[in-house]
Amino acid sequence: MIALISLILVITLSMIIVRIGAIALEMTGLSKDIASFQAQSAFSGAGFTTSESEYVVSHPVRRKIIRILIFLGSAGITSAIATLVLTFAGRSRNEATTSIAILGLSLLVLYLIFTSKRAERWMRRWIKRFLAKAFPQLRVYDYSQLLGITKGYSISQIKVKRKSWLANKSLKELKLDKEGILVLGVYRKAEKGEVYLGAPTGDTVILPGDLLICYGPEEALIRLSKRLRGSKGDMEHEKAVKEAEMKRIQEGMMA
């Protein structure tokens, strides 16, 4: 009976660890579904080979959480197998039947508890409160997810050359926002070294040699980096503006 109780405790503890790991991953910016799947995958060691998993472990805080889950999972699964063997080893048929019935009932109760919406809300509230106090570094923003990098948008560096369409024009003149592109900052060479102009205004003039940090649709950014000054460049800008307007209309219709 002691072995059976130990097995049930190991299973319960394992489920609690997975739930804590999932909520910890969720607090780093992952969606609830992805966090739950990755926590379960890491703990069980099964299925943690997807491209989504590679994206998760590229985040330093998440990587620590995954490492802990893998370590605890290897120990927990080994303990569960050992106690399972001890539970039925040397038992008579009646004792084994009783053990199976108790184990099945216990698993059913655990399933009902961990799938209950009310129990989940209670556990999430207390686990989040505990993690927020014990590990404040979990509150890390995932800028790739926040900015929709995986949805066709990107952050790019554009080097402004002398013949670039961007050179010697103010941001107000360029009207890049109409193309769906935002200039987040400008790296510029100065006498005392490189300076950074953060959140440039419309009056900021882009100079040859500047390195622009831009955010927008990936294809639009690629085309902008290759655009040359002159009438051809102006036509490309007008075309890009029309495409951005059409895209906004389509997105508005889908919303």
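Select His 237 and show what surrounds it: Trp 165, Leu 174, Lys 175, Glu 179 and Arg 227 are in contact with His 237, residues up to four places away in sequence not being counted. Contact here means heavy atoms within 4.5 Å. His 237 belongs to helix H10, residues 231-254. Helices (H or I, at least four residues) and strands (E, at least two) are DSSP runs, numbered from the N terminus. His 237 counts as buried because its relative accessibility is 8%; buried means under 20% relative accessible area, exposed over 50%, and partly exposed in between (1.4 Å probe, protein chains only).

The model is predicted: local features need pLDDT of at least 70, side-chain atom pairs count only at pLDDT 80 or more, and totals for chains, interfaces and linings use all residues. Residues are numbered from 1 along each chain as its sequence is written, and side-chain values use heavy atoms, with hydrogens and water left out.

**Leu 174**

From His 237, move to Leu 174 in helix H8, residues 171-174. Leu 174 has a relative accessible area of 0% and is therefore buried. Its contacts, apart from neighbours within four places in sequence, are Trp 165, Leu 166, Lys 169, Ile 206 and His 237. Measure from its C-alpha atom to that of Asp 234: the separation is 9.7 Å, for two residues 60 apart along the chain.

**Arg 227 and its salt bridges**

Go back to Arg 227, one of the contacts of His 237. Arg 227 is buried, at a relative accessible area of 3%. Arg 227 forms a salt bridge with Glu 236, with 3.8 Å between the closest N and O atoms. A salt bridge is a side-chain nitrogen of Lys or Arg within 4 Å of a carboxyl oxygen of Asp or Glu. Glu 236 is partly exposed, at 31%. Add Glu 179 to the selection: Glu 179, Arg 227 and Glu 236 are linked in a network of salt bridges.

Next, select Glu 243 and Arg 223, whose side chains meet in a salt bridge at 3.0 Å, N to O. Glu 243 is in helix H10 and Arg 223 in helix H9 (residues 218-226), so this pair ties together parts 20 residues apart in sequence. Both residues are partly exposed: Glu 243 has a relative accessible area of 36%, and Arg 223 one of 38%.

**Arg 188, Asp 210 and Val 205**

The structure holds 5 salt bridges in total. Another to display joins the side chains of Arg 188 and Asp 210, at 2.7 Å from N to O. The two residues are 22 apart and link distant parts of the chain, with Arg 188 in strand E3 (residues 182-190) and Asp 210 in the loop between E5 and strand E6 (211-217). Arg 188 is buried, with a relative accessible area of 18%. Asp 210 is buried as well, at 2%.

Keep both residues on screen and add Val 205, which is in strand E5, residues 205-206. Leaving aside neighbours within four places in sequence, Val 205 touches Arg 188 and Asp 210, along with Asn 168, Lys 169 and Ser 170. Val 205 counts as partly exposed because its relative accessibility is 36%. The C-alpha atom of Val 205 is 6.4 Å from that of Leu 171, and the two residues are 34 apart in sequence.

**The nonpolar cores**

Now turn to the largest nonpolar core, which has 21 residues. A nonpolar core is a set of buried Ala, Val, Leu, Ile, Met, Phe, Trp, Tyr and Cys residues joined through side-chain atoms within 4.5 Å. Leu 25, Ala 39, Ile 65, Leu 69 and Leu 131 have the most contacts inside this core. At least two residues of the core come from each of helices H1 (2-27), H2 (32-44), H4 (60-88), H5 (93-115) and H6 (117-134). H1 supplies the largest share, 7 residues.

Centre the view on Ala 39, which touches Val 18, Gly 21, Ala 22, Leu 25 and Leu 69, residues up to four places away in sequence not being counted. Apart from this core lies another, of 17 residues, including Leu 171, Ile 181, Val 183 and Leu 221.

**The whole chain**

Finally, zoom out. The protein chain has 10 helices and 6 strands, and 35% of its 255 residues count as buried. Of the contacts between residues at least 6 apart in sequence, 71% join residues at least 24 apart.
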